[in-house]
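Let's work through a few exercises together. Keep the sequence and the 3D view open, and try each task before you read its solution.

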Amino acid sequence: MDSLRASEQDIRPLRVLILNLMPLKITTETDLIRLLSNSPLQIEIEFMKIKGHTPKNTPIEHMQEFYKDFDQICDDYYDGMIVTGAPVEQIAFEDVNYWEEIICIFDWAKTHVASTLYICWAAQAGLYHFHGVPKYDLPAKMFGIFRHTLRDPYLPIFRGFDDEFFIPHSRHTEIRRDDIMKVPELTLLSESEESGVYMVMSRGGREFYITGHSEYSPYTLNDEYIRDKNKGLPITVPVNYYRNNDPAQGPVVRWRGHANLLFTNWLNYYVYQQTPFRIEDIKNLGTLS
């Protein structure tokens, strides 16, 4: 397929749009670019922000230079899109102050993007908006590194995966298996006995909903643990994270191989190989399954 595509089009970089909702935007940019850059494919990355929200932890000069508002890109078409998590998960969706803009972007992505990754809160928001899947408060924060299994190991998104693999999670809410299974348009792809639903797919890979944080760097959970501890918040040592469960001994990285495979497989099999031969043809994707 690669040679066919190359022979029938002018070779161009893949266009990937990232809607970055995380508070530490530069950290999240670095995490995602590190994973996306492992692919041999040429990729042009653009960043988008919520117009009505001013970030507190990122210099305004950085936002002005590298981020676009939705109205600046809404007439464009993209091969791939990533929507990150956001620190608003304990707020009802409709009460999030940028909810109307978010659902407008989600609806736009269905007809302007070949494949979209929704991560953590964005996954919950997308499943709720498109399919009515609710979220539930957890009695304690799901925090640590958890073992996962595959329901369909032969899908291209799982190419090269082991039978069991580890994912970082950091969230106060969850989506439930029973609610996913009630929706015929959704396919549950991966889950964990401890942390529950991990990956859900719709429209044959046009959307992936991922509840964990494969993109996290080795010390992200450590930074979150120290932050919450210093604030006096109820937080426990992240599960399966520190060597011998001792923060002084540092983390054991168990998820790096899976993270690289996940993003490489998504780019190769759901963004590159499934994208129409010419970017203008993406305009017809909204009518395709």
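Before we start, a word on residue classes: Ala, Val, Leu, Ile, Met, Phe, Trp, Tyr, Cys and Pro count as nonpolar, Asp, Glu, Lys and Arg as charged, and the others, Gly among them, as polar. The model is predicted, so local features need pLDDT of at least 70 and side-chain atom pairs count only at pLDDT 80 or more, while totals for chains, interfaces and linings use all residues. Residues are numbered from 1 along each chain as its sequence is written, and side-chain values use heavy atoms, with hydrogens and water left out.

**Exercise 1.** Find which residues line the largest cavity, and sort them by class.

*Solution.* Start with the term: on a 1 Å grid over the protein atoms alone, a cavity is a set of points where a 1.4 Å probe fits but cannot get out, and lining residues have an atom within 4 Å of a point. The search of the whole structure turns up one cavity of 30 Å³ or more. Its volume is about 30 Å³, meaning the space filled by probe spheres set on the points, which are joined across faces, edges and corners. Next, pick out the lining: Ile119, Ile210, Gly212, Ser214, Glu215, Leu262 and Phe263. Sorted by class, that gives four nonpolar, two polar and one charged residues.

**Exercise 2.** Work out how helix H6 is covered and how H5 meets it.

*Solution.* Helices (H or I, at least four residues) and strands (E, at least two) are DSSP runs, numbered from the N terminus. H6 spans residues 121-131, and eight of its eleven residues are buried (under 20% relative accessible area, with exposed over 50% and partly exposed in between, using a 1.4 Å probe and protein chains only). Among them are Trp121, Gln124 and Phe130. Just past the end of H6, Gly132 has a positive phi of about 70°.

Now bring in H5 (residues 99-112): its axis and that of H6 come within 11 Å and cross at roughly 75°. Axes here are lines fitted to C-alpha atoms, for helices over the stretch in contact, with angles from 0 to 180 degrees between N-to-C directions. So H5 is roughly perpendicular to H6, a label for angles of 65 to 115 degrees. The contact (heavy atoms within 4.5 Å) includes Trp99 and Phe106 from H5, and Trp121 and Tyr128 from H6. By class, the count is nine nonpolar, two polar and two charged residues.

**Exercise 3.** Describe how H2 packs on H9.

*Solution.* H2 (residues 25-36) and H9 (residues 256-272) have axes 8 Å apart, at an angle of about 70°. That makes H2 roughly perpendicular to H9. From H2, Leu32, Leu35 and Leu36 touch Ala259, Asn260, Phe263, Trp266 and Leu267 in H9. This contact has seven nonpolar, one polar and no charged residues.

**Exercise 4.** Which residues does Ile45 touch, leaving aside its neighbours within four places in sequence?

*Solution.* First locate Ile45 in strand S2 (residues 43-48). With a relative accessible area of 29%, Ile45 is partly exposed. Then look for partners: Val16, Ile18, Ile33 and Leu36. Val16 sits 29 residues away from Ile45 in sequence, yet their C-alpha atoms are 5.0 Å apart.

**Exercise 5.** Where is Arg203, and what is its phi?

*Solution.* Look in the loop between strand S9 (196-202) and strand S10 (207-210). Arg203 is not a glycine, but its phi is positive, about 50°. Arg203 counts as partly exposed, at 23% relative accessibility.

Key: On a 1 Å grid over the protein atoms alone, a cavity is a set of points where a 1.4 Å probe fits but cannot get out, and a pocket is an open set with protein on both sides within 12 Å along at least five of seven lines; lining residues have an atom within 4 Å of a point. Angles under 35 degrees count as roughly parallel, over 145 as roughly antiparallel, 65 to 115 as roughly perpendicular and the rest as oblique.
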